[in-house]
Amino acid sequence: PEIDHRRIAVAGHSRMGKAALLASGLDPRFFAVLANEPGCMGGALTRGKTGETLEDICDSFPYFFAPRLRDYVGREAALPFDQHFLLALNAPRKLYVASAAQDFWADPISEFLGCAAASCAWEQLGAPGLLGADRLPRPGTVLSGGMIGYHLREGEHYLSRYEWQRFLDFLEEGAEPDGFLNLTTLMLPVAAVKETAKEFGVSVTEFIAAVMMKAISDLQAEK
């Protein structure tokens with residue numbers, strides 16, 4: 001009964017970070033999206049990326065994407081888009097991408113560059129995007145003055161208390177004093193998710209995005 005449906009955020013780590021970005025990008029009812037180390041085909045630019053490549057992710061998780069994506073393995077520069085397009089779907093709402101300095105597989109620099117490249121979408125809509133992005137980040141960098149937030153911490157690939165603290169700081173900026181902040185998170189058994197997605201004939205990412213959007217729809221219907 002205390003949920004403010006205007007201020008629901010969706011969050012995810014790694015694979016769920018990719019799903020959170022897609023869910024929010026496709027459903028403008030989300031107030032904000034918080035993606036922790038979403039990496040390849042999440043928040044990191046594909047062109048020039050180090051660590052996990054398009055070939056790696058297509059080999060390991062072919063069910064994530066449309067089969068045609070494999071046509072661009074080894075020729076990423078020919079892609080008609082890059083991951084800043086996905087980030088830009090959230091403009092002018094709040095977007096936060098978190099990186100870790102030793103998360104080489106995700107490639108924190110490409111995650112930062114994805115945010116920087118997407119920033120113009122917010123600016124075109126009259127909102128501040130990623131502020132302070134005039135240089136590459138160092139560990140300890142926190143950029144949260146605009147509608148795009150980003151930080152780079154020391155460490156590897158995990159979701160920590162530090163991330164939640166930065167997320168909440170970011171969401172609270174500009175919030176109404178008596179408002180509510182609501183985070184929708186998911187922890188699902190991987191095998192069951194794969195099997196259910198297969199039954200519906202969709203990718204795992206599409207399935208998780210649909211589950212998230214259905215949850216929000218149900219919450220709104222209860223109001």
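Visitor: What pattern does the protein follow when read along the sequence?

Guide: The order is β-α-β-α-α-β-α-β-β-α-β-α-α, with 7 helices and 6 strands in the protein. Helices (H or I, at least four residues) and strands (E, at least two) are DSSP runs, numbered from the N terminus. This is a predicted model, in which local features need pLDDT of at least 70 and side-chain atom pairs pLDDT 80 or more, while totals for chains, interfaces and linings use all residues. Residues are numbered from 1 along each chain, and side-chain values use heavy atoms, without hydrogens and water.

Visitor: How do you know that the span of helix α4 agrees with its 17 residues?

Guide: The expected span is 1.5 Å times one less than the number of residues. For residues 108–124 this gives 24 Å, and the end C-alpha atoms are 26 Å apart, so the two values agree.

Visitor: What is the bend of α4, and at which residue is it found?

Guide: A bend is the angle between axes fitted to the seven residues ending at a residue and the seven starting there. At Ala118 that angle is about 30°. After α4 comes Gly126, with a positive phi near 80°.

Visitor: Which residues of α4 are called buried, and what covers them?

Guide: Buried means under 20% relative accessible area, exposed over 50%, and partly exposed in between (1.4 Å probe, protein chains only). Among those of α4 that count as buried are Phe112, Cys115, Ala118 and Trp122. Their cover includes α3 (83–88), β3 (94–100), β4 (142–143) and β5 (148–153).

Visitor: Why is Arg15 said to have no salt bridge?

Guide: A salt bridge needs a side-chain nitrogen of Lys or Arg within 4 Å of a carboxyl oxygen of Asp or Glu. Lys and Arg count as positive and Asp and Glu as negative; His and the chain ends are not counted. The nearest side chain of opposite charge to Arg15 is Glu52, 8.8 Å away, so the buried Arg15 does not meet the criterion. Arg15, in helix α1 (residues 15–26), is in contact (heavy atoms within 4.5 Å) with Phe61, Phe64 and Val190, leaving aside neighbours within four places in sequence.

Visitor: What makes a set of residues a nonpolar core?

Guide: The members are buried Ala, Val, Leu, Ile, Met, Phe, Trp, Tyr and Cys residues joined through side-chain atoms within 4.5 Å. The largest such core has 27 residues, and Leu21, Leu95 and Trp122 are among those touching the most other members. α4 gives the most to this core, with 5 residues. Apart from it lies another core, of 16 residues, including Cys40 and Ala197.
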